[in-house]
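Open the model in your viewer and keep the selection panel handy. We will walk through it one stop at a time, with a note on what to select and what you will find there.

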Amino acid sequence: MIAPAVEVQHLRKVYGSGHTEVVAIRDASLSIARGEIVGMFGPSGSGKSTILTAMALINPPTTGKIEIGGKLVLDGPKALVDLRAFRRQHLGFVFQKANLIPFLSALENVQIALEVNDTAPKAARKRAMELLDYLGVGARAHNLPVALSGGEQQRVAVARALANEPSLILADEPTAALDSQRGRQVMELFAKVAHERNAGVLVVTHDHRTLDVFDRIVDVEDGMIRVREKVA
Amino acid sequence: MNLAVRDIRHNSGRFAFTTVGIGLLLMIVMGMGGIYRGLIYEATLLVDRVGADLWVVQGHTRGPFAEVSRISASLEDRVRAVPGVAQSRRFVSHTIQRVHQGRPLRMVVQGLSWPEDRGEWIPLVAGRALGQAHYEMIADLSLRLPLGEKIKLGRDEYEVVGHTRGMVGTSGDGLTFFTVSDAQAIQFDVPGEAVRLERAARRARLEGIEIGRLQPLLLDRAAGPSSSIPALSRPQVSAVLVTLHPDADAAAVRATLDTWPDITVFSTQEQKDLLLSGMVDKAKRQLGLFRVLLIIISTIIIALIIYTLTLDKIRDIALLKLIGARNRVIGGLILQQSLLMGAFGYALAWGIGQFTFPHFPRLVVVELADLISLGFIVLVISTLASLLGIWKALSVEPNTVLSA
Ligand SMILES: Nc1ncnc2c1ncn2[C@@H]1O[C@H](COP(=O)(O)OP(=O)(O)OP(=O)(O)O)[C@@H](O)[C@H]1O
Ligand SMILES: [Mg+2]
């Protein structure tokens, strides 16, 4: 049996302490298979971003286990691997905004992700160009992020997320800054990546018009995850 | 891919401004080092150029550059009689400040032992050496006295017949060369009234004692020119310069001279050491202190600007960490920017210095060894300056990228 892209068990996250204490995640468990795209919905403040950043290994949970590709990575706040190395080898990220480094061109933003993962500069450049072409922004490769539209920026961010062929891609409201048509294009792209490149993809979104692109949908409510049947 | 250069290109205005500031500071640091070298060069120039093997100066003094040294001119002949001595010359040197054509003229008056020494050893850039026993002079270009110009010093006029370049005394004043007797005439020039008073005083002293009353002729001599009175010594000189035979035993000559109680002997090297330890030492420490302060200021400025540049891109750094960049990449980005700033500043300092140093009032000598050591210092301070920024960058959490 192939290990799931990610599996979280009994995640709990408490911010602050004493009377400023906020329980952001009460008890969340979720598994995402490789080749599967999962949409995560839920009201504001329900804990979606907290779950996603915990999986992204940049916001360790208070208790609970996170396994990525079958490997136990976080046991509570305790890291069992070099998290930064693990991120560059196995994870890809897309966020709502501020995804790109402003002083690097579109191409370089993708290239840097490859280079930090020890790809030689020439090969990195070639692959970055292929990815931008794949996402339809090859023509804008040499522009700085400020010169790109929101949708183009997001597609460059997706290209960067794909660069190292990650087993898990995490996206937090990646289409919030886009019009519905552009938003849909990006969502379809994620589905394509999940299916064609065999990655597990988790997308947090508020956009109910894109429900149909997901293989599975989960709802977060008050720090708990509830799996919903597909409503296609 | 080099992140440092790309970020600098993005922030080129701020980077350029700071670099210019650093460059100017480093130029001053470089210039101060050059001024110090210039001081040494100028201080020892004369001692080097006159090329004596030994300096005979007044007993128990450190020579004419340290204090007043007065020895009898006849010492020239005494020294010449010592076996192994090829040549001896009188050395007369004093600084005067006069007014010429409405501007102050400060110069070192240097006497040449005419007729043995006409100044052929002086490197002339124009004109000729001295050609007659009186009323000619060689002047340094820094005094701005054209060839053929006649300058009135004391009662006589002297014509500029030759030019030197960069020949200055220990305090940077231009050198002029005269025959010894002219130099002394300039030094001991006294107004006619003073001469008359001196003669009257001599006569009065003589009238007060028995021999004066018994020998009226003496009274006439006393009231005459001092050079015609055998009992009065000729004007004294500052030092006597000794040149040895090529095959003479320097130590033996020196040992002989050392037994003479009325004089002290220095080798050229000793004379130079005295000059440097006495005159240049304080200036060196002063300049050194300023250089250290300026280097500290440069370090602080580089550190602050690198720190602000780092703060400005703290989210980008967090993003780099998020996508897994190693600390080496992030630290390298900041260190390289700091080094680039130092390197550009240094290059700028050198470039500006090339144009400005020649116009400094005193000689600035920039030596390769000093350039190399300053380059090394810039390397060190740029590295130090980056530490604050690196510390900030390495301590930022990758999830900072999410908090907008
Ligand atoms: N750094 C933090 N410190 C304290 N409380 C926090 C922090 N981050 C989030 N919270 C709290 O945790 C809860 C969950 O926040 P989270 O950002 O996960 O919600 P969300 O579902 O992503 O909401 P939204 O849809 O608005 O993005 C909220 O009550 C929030 O106020
Ligand atoms: Mg959120």
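**A first stop in chain B**

Select G127(B) to begin: its bridge partner in β7(B) is G162(B). Before moving on, please note that this is a predicted model, in which local features need pLDDT of at least 70, side-chain atom pairs count only at pLDDT 80 or more, and totals for chains, interfaces and linings use all residues. Residues are numbered from 1 along each chain as its sequence is written, chains are lettered from A and ligands numbered from 1 in the order in which they are written, and side-chain values use heavy atoms, with hydrogens and water left out.

Now widen the selection to strand β4 (residues 124-127) and strand β7 (residues 156-164) of chain B, which pair in the antiparallel sense over 3 bridges. Strands here are DSSP runs of E with at least two residues, helices are runs of H or I with at least four residues, and both are numbered from the N terminus. Two strands pair if DSSP finds at least two bridges between them.

Keep β7(B) selected and add strand β5 (residues 136-140) of chain B; these two run parallel, joined by 5 bridges. To see one of the bridges, pick M137(B), whose partner in β7(B) is V160(B).

Next, add strand β6 (residues 150-153) of chain B, which pairs with β7(B) in the antiparallel sense over 4 bridges. Here K150(B) stands opposite E159(B) of β7(B). What do β6(B) and β7(B) form? They form a hairpin with 2 residues between them, and in the turn G154(B) has a positive phi of about 70 degrees.

**A helix beside the strands**

Select helix α4 (residues 180-187) of chain B. Which residues of α4(B) are buried? They are V180(B), D182(B), A183(B), Q184(B) and I186(B); buried means under 20% relative accessible area, exposed means over 50%, and partly exposed lies in between (1.4 Å probe, protein chains only). These buried residues pack against β5, β6 and β7 from the last stop, and also against β2 (85-100), β3 (103-112) and β8 (174-179) of chain B.

**Where distant parts of the sequence meet**

Go to L363(B), in the loop between α11 (327-356) and α12 (368-395) of chain B. L363(B) counts as partly exposed because its relative accessibility is 32%. Now select Y36(B) as well: Y36(B) and L363(B) are 327 residues apart along the chain, yet their C-alpha atoms are separated by 9.0 Å. Leaving out residues up to four places away in sequence, L363(B) touches G34(B), I35(B), G38(B), Y41(B) and E42(B), where contact means heavy atoms within 4.5 Å.

Follow that contact to E42(B), which sits in helix α2 (residues 12-50) of chain B. Is E42(B) buried or exposed? With 6% relative accessibility, E42(B) counts as buried. Again not counting residues up to four places away, E42(B) touches V168(B), G169(B), T170(B), G172(B) and R362(B), as well as L363(B).

**Zoom out on chain B**

Show the whole of chain B, with its 12 helices and 10 strands. Its C-alpha atoms fill a box of roughly 115 × 50 × 40 Å along the principal axes. The radius of gyration of chain B is 32 Å, whereas a compact globule of 404 residues would have one near 22 Å; this radius is taken over C-alpha atoms, and the globule rule is 2.2 Å times the number of residues to the power 0.38. Buried residues make up 46% of chain B. Of its contacts with a separation of 6 or more, 74% are between residues 24 or more positions apart.

**On to chain A**

Switch to chain A, which has 6 helices and 11 strands. Along the principal axes, its C-alpha trace spans about 50 × 40 × 40 Å. The radius of gyration of chain A is 17 Å, which agrees with the value near 17 Å for a compact globule of 232 residues. In chain A, 56% of the residues count as buried.

For the last stop, select strand β1 (residues 6-15) and strand β2 (residues 22-32) of chain A, which pair in the antiparallel sense over 7 bridges. Across this pair, E7(A) stands opposite S31(A) in β2(A). The two strands form a hairpin with 6 residues between them, and G16(A) in the turn has a positive phi of about 70 degrees.
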